[in-house]
Amino acid sequence: MKKYILDLNVKAIDRPSDRHVLLKLTSDAPLPEMLPGQFVEVRVDNSPTTFLRRPISINFVDRVQNELWLLVAMVGDGTRRLGSLEIGQTLNCVLPLGNAFTIPESLSEKVLLVGGGVGMAPMLFLGAWLSERGFAPTFLLGGRTQKDILEQELFRKYGRVCITTEDGSEGEKGFVTNHSVLSEHFDRIATCGPTPMMKAVAHYAKDQNIECEVSLENMMACGLGACLCCVEKTTEGNLCVCKDGPVFNMKKLLWQI
């Protein structure tokens, strides 16, 4: 898939929590094709401590409004700078990068999408993509508290939403792998979030003989496989998460060996 370097305009800004910002970006020309699971490398301007681009998952693509949504967790100087952008400013982006989640061939497949923390972001785009093609995905969203469960109403547009929080402030108390929805049958799982959560989901999928794809969040700098800072050990040797991923079938990873 062709890659682009674009100056995108900040069209709208939402603040779903005090630690997150949702940037809605647009362009005078139609946005390039993008697939669920791919990401964007954004340049952080006017930050003396940020020298490398920041990888941000694609949260949603609104073709009607010609918008690209990026949900940013403000955890460091670079991402806090992104959180300070204002409507009308521009953001330089390299996109789309990486591979995509597998779309099932049969509408009879039951699909579970598991997101934790800011790893919920790509699950919305994937869920919308599946829903538009006739699937009825189930979302399982996890966070430490109620404030960590973002974009709930948007998720509910595309499928059933199940929630866990560690403190029990919303949904079922515990981790995503403790939720009662896992007593149901699923044919395929896609997940993104903290590594311990994804490992637990992958172990569950293996025990239940369910196909499972995970979106890794290794530190990525170039986004093109040149700098080798995001290497992951796999059954096929060392692979660059930014170029060969970020989506991997769990069977390729060495988590369970």
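User: In this predicted model, what is the relative accessible area of R19, and is the residue buried or exposed, or does it fall between the two?
Analyst: The model is predicted, and the value for R19 is a computed one. Because buried requires under 20% and exposed over 50%, R19 falls in the class between these limits and counts as partly exposed. The relative accessible area of R19 is 40%.

User: With which residue does R19 form a salt bridge, and where in the chain do the two partners sit?
Analyst: The closest N and O atoms of the pair are 2.5 Å apart, which lies within the 4 Å required for a salt bridge. This pair links distant parts of the chain, since R19 belongs to the loop between β1 (4-17) and β2 (20-26), while its partner, 129 residues apart from it, belongs to the loop between β8 (138-143) and α3 (152-156). That partner is buried, with a relative accessible area of 12%, whereas R19 is partly exposed. The residue that forms the salt bridge with R19 is D148.

User: Why are D77 and R80 separated by about one helical turn?
Analyst: D77 and R80 form a salt bridge in which the closest N and O atoms are 2.7 Å apart. Both residues count as partly exposed, D77 at 41% relative accessibility and R80 at 43%. They are separated by about one helical turn because they stand three residues apart in helix α1 (residues 77-83).

User: Which residues are linked with K110 in a network of salt bridges?
Analyst: One pair in this network is K110 and E184, whose side chains meet in a salt bridge at 3.6 Å from N to O. That pair joins distant parts of the chain, with K110 in the loop between β6 (90-97) and β7 (111-116) and E184 in the loop between β10 (172-173) and β11 (188-192), 74 residues apart. Both are partly exposed, K110 with a relative accessible area of 35% and E184 with 30%. Linked with K110 in the network are R160 and E184.

User: How many salt bridges does a search of the whole structure find?
Analyst: Side chains of opposite charge can pair when their charged atoms come close. Among the pairs found are R19 with D148, D77 with R80 and K110 with E184. For the whole structure, the number of salt bridges is 13.

User: How many disulfides does the structure hold?
Analyst: C93 is buried, with a relative accessible area of 0%, and its sulfur lies 16 Å from the closest cysteine sulfur, that of C222, which is too far for a bond. C222 in turn is in no disulfide, the nearest cysteine sulfur to it being that of C227 at 3.7 Å, and the cut-off for such a bond is 2.5 Å. The number of disulfides in the structure is zero.

User: Which backbone oxygen does the side chain of T234 reach?
Analyst: T234 is found in strand β13 (residues 231-234) and counts as buried at 6% relative accessibility. Leaving aside residues up to four places away in sequence, T234 touches L239, K252, L253 and L254. A polar atom of the T234 side chain lies 3.0 Å from the backbone nitrogen of E236. At 2.7 Å, the side chain of T234 also reaches the backbone oxygen of G237.

User: Which residue does a cis peptide bond join to L95, and which one to G245?
Analyst: Most residues other than glycine have a negative phi, and most peptide bonds are trans. The cis bond after L95 has an omega of about -15° and leads to a residue placed in strand β6, while the cis bond after G245 has an omega of about 10° and leads to a residue in the loop between α5 (241-244) and β15 (247-249). The residue joined to L95 is P96, and the one joined to G245 is P246.

User: What is the phi of N66, and what is that of E151?
Analyst: N66 lies in the loop between β4 (54-62) and β5 (67-73) and counts as buried at 16% relative accessibility. E151 has its place in the loop between β8 and α3 and is buried, with a relative accessible area of 12%. Neither N66 nor E151 is a glycine, yet phi is positive in N66 at about 55° and in E151 near 60°.

Conventions. Residues numbered from 1 in each chain as written. Predicted model: local features only at pLDDT ≥ 70, side-chain atom pairs only at ≥ 80, totals over all residues. Heavy atoms only, no water. Helix = DSSP H or I, 4+ residues; strand = E, 2+ residues; numbered from the N terminus. Buried < 20%, exposed > 50% of the residue type's maximum accessible area, 1.4 Å probe, protein only. Polar contact = N/O pair within 3.5 Å; in protein donor to acceptor, adjacent residues only side chain to side chain. Contact = heavy atoms within 4.5 Å.
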